[in-house]
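Here's a walk through the side-chain contacts and backbone oddities of this one. Have the viewer open and click along as you read.

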Amino acid sequence: MAQRTEDPFQQRQEKLSRLRARAIDPYPPRYRRTHANGEALALLEGLERQAPPGTEVQTPSVRLAGRIIALRNMGRATFIDLLDSSGQIQVYLRRDLLGEGYQLLRDLDVGDFLGAEGKVFRTRTGEATLEAQEITLLAKALRPLPEKWHGLQDVEVRFRRRYLDLISSEETRRLFQLRSRIVSSVRRFLDSRGFLEVETPVLVPVPAGAAAQPFVTHHHALDQDLYLRIALELYLKRLIIGGLDKVYELGRVFRNEGVDHDHNPEFTILETYEAYADYHDVMAMVETLVSTVAQEVIGTTTVQSGQESIQLAPPWPRLSLLEELERRSGIDVEQYQDAAALEKKMRSLGLEVLPGASRGRLMDKLISATVEPHLIQPTFLVDYPVEMSPLAKQKPDSPRLVERFEAFAAGMEIANAFTELNDPLAQRERMEAQERLKLEHGNEELDRMDEDYLYALEHGMPPTGGLGIGIDRLVMLLTGQRSIREVVLFPQLRTL
């Protein structure tokens, strides 16, 4: 007598062999379902509303399909819970109704995909149930679901094998459905304002438009190094120069940086550019966009972040960056025009800084450490030092500052925007200064010289307001998540 294996993978392979021996295709090419589970439930509820009180109601015959997530064999009858993306429904299988088809249950397991045809009714306990007239195996699962699949506890497994997380967690499925609806709502908002959605290169010869370390690759046919884009900005502004007055792009950008609760090396960004607008116009658009999307997708402009209730309805406060920096850190950065002096002052306050960092990088660190954590309610920080913003236009009455804002909520940055610098000679000077700083400070992440963009800018660009919003962080804000890994389907993880 052959010894029965205890290996679930081997047991399922044996069932697979038995199915094939009985001429049952365990992986048929198609199955025509008539309804999703949620649609079948809605059909039943609609008929119940029309029927007289106390009447037993059943739907016409429907064909449903999904993954088996529970299987309860009662001998002459079996109950199966079937899950699809619209929800879960119970399937009732009777030996006398299915006949020979009932034998299929011997080789079914939790995790298999099944099609079932029959009428939907309510049991005595009130549960919507399909009484199967016919069942069809659609895919045999060779690996069992995790033992605690009703809610994976291992965070690493949840992120590394997101498919298991989606199978096991209704909350996770709902979160990513919300993410999709948020992105769709953002598009509708911009489309309704006359913006044109465009696509720009992902592989670029110059990784410019932001201060970030790029990923590099090599194009063999051209024998040329290329980079994964770190921002969308300079290509979108080329389109403004070309006469497209309102453009936006929703796409992936890539930055060769560390991983933490709100950084992932690849992330989704929205960038918009509008001719004849400035950063005040963009501020008004941002607070309207975020509150509109929140109301449309989650039905409220109040969201929860930990213990904090965040009010997204406009207007959002506008705070001077320099004043807020001095209030929170005690440092008046205008008194420290030299990077070395500012570094020394920051160290005296116990702030960790990289030796030899530029003044702009030091101020960025100061904001992150002393101001950002306190900005729980939506807030605009406005008017940044020119060293921090090589692509932004100077304020006419304060040439050491630029017309730039960053938007914060729940203690994190969610948006960054400028009145765009459109003076080609000033832009060249700024880019050359960035190149000098790069030589001076080694590998510090600084913006790069892009001669082709400068050539385009020399053809003239109208006054323009530009915006970048991190979509992942927007989703975190609207869904109350505290880690970017929760809202990215496949976050970057170290290879095992």
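## Aromatic rings

Trp-316, Phe-380 and Phe-405 are joined into a cluster by ring pairs. For a pair to count, the ring centres of Phe, Tyr or Trp (its six-membered ring) have to lie within 6.5 Å; planes under 30 degrees apart are called stacked, over 60 edge-to-face, and the rest tilted. The structure has 3 aromatic pairs. One of them is Phe-79 with Tyr-92, a stacked pair at 5.0 Å centre to centre with 15° between the planes. Phe-79 sits in strand S2 (residues 77–84) and Tyr-92 in strand S3 (residues 87–94), so this pair ties together parts 13 residues apart in sequence. Helices (H or I, at least four residues) and strands (E, at least two) are DSSP runs, numbered from the N terminus.

Before going on, keep in mind that this is a predicted model: local features need pLDDT of at least 70, side-chain atom pairs count only at pLDDT 80 or more, and totals for chains, interfaces and linings use all residues. Residues are numbered from 1 along each chain as its sequence is written, and side-chain values use heavy atoms, with hydrogens and water left out.

## Charges over rings

Two arginines park themselves on tyrosines. The charged end of Arg-238 is over the ring of Tyr-235, 4.3 Å from its centre. Arg-404 lies over the face of Tyr-384, at 4.4 Å from the ring centre. The rule here is that NZ of Lys or CZ of Arg must be within 6 Å of the ring centre and within 35 degrees of the ring normal.

## Salt bridges

There are 37 salt bridges in the structure, each a side-chain nitrogen of Lys or Arg within 4 Å of a carboxyl oxygen of Asp or Glu. Take Glu-117 and Arg-63, whose side chains meet at 3.1 Å, N to O. That bridge links distant parts of the chain, with Glu-117 in strand S4 (residues 113–122) and Arg-63 in strand S1 (residues 62–73), 54 residues apart. Glu-117 is partly exposed, at a relative accessible area of 23%. On this scale, buried means under 20% relative accessible area, exposed means over 50%, and partly exposed is in between (1.4 Å probe, protein chains only).

Glu-266 and Arg-252 form another bridge, with their closest N and O atoms 3.2 Å apart. Glu-266 belongs to strand S11 (residues 266–275) and Arg-252 to strand S10 (residues 246–254), so the pair ties together parts 14 residues apart in sequence. Glu-266 is partly exposed at 25%, and Arg-252 is partly exposed at 28%. Now for a bridge within a helix: Glu-324 and Arg-327 meet at 2.9 Å, N to O. They are 3 residues apart in helix H9 (residues 321–329), about one helical turn. Glu-324 is buried at 6% relative accessibility, while Arg-327 is exposed at 55%. Elsewhere, Lys-15, Asp-109, Asp-112 and Lys-140 are joined into one network by salt bridges that share partners.

## Backbone oddities

Which peptide bond is cis? The one joining Pro-314 and Pro-315, with omega at about 5°. Pro-315 is in the loop between strand S13 (308–311) and strand S14 (318–320).

Then look at two alanines. Ala-23 has a positive phi, near 65°, though not a glycine; you'll find Ala-23 in the loop between helix H1 (8–21) and helix H2 (37–50), exposed at 71%. Ala-410 also has a positive phi, about 55°, and sits in the loop between strand S17 (398–409) and strand S18 (412–419). Ala-410 is buried, though, at 6% relative accessibility.

## Nonpolar cores

A nonpolar core is a set of buried Ala, Val, Leu, Ile, Met, Phe, Trp, Tyr and Cys residues joined through side-chain atoms within 4.5 Å. The largest one has 47 residues, and those with the most contacts inside it are Leu-190, Leu-270, Leu-289, Phe-405 and Leu-477. Elements that each supply at least two of its residues include helix H6 (170–192), strand S15 (379–385) and helix H14 (471–479). Helix H8 gives the largest share of this core, 10 residues.

What does Leu-270 touch? Leaving out residues up to four places away in sequence, its contacts (heavy atoms within 4.5 Å) include Val-186, Leu-190, Tyr-248, Leu-289 and Ile-471. Apart from the largest core lies another of 45 residues, among them Phe-267, Ala-275, Leu-321 and Ile-367.
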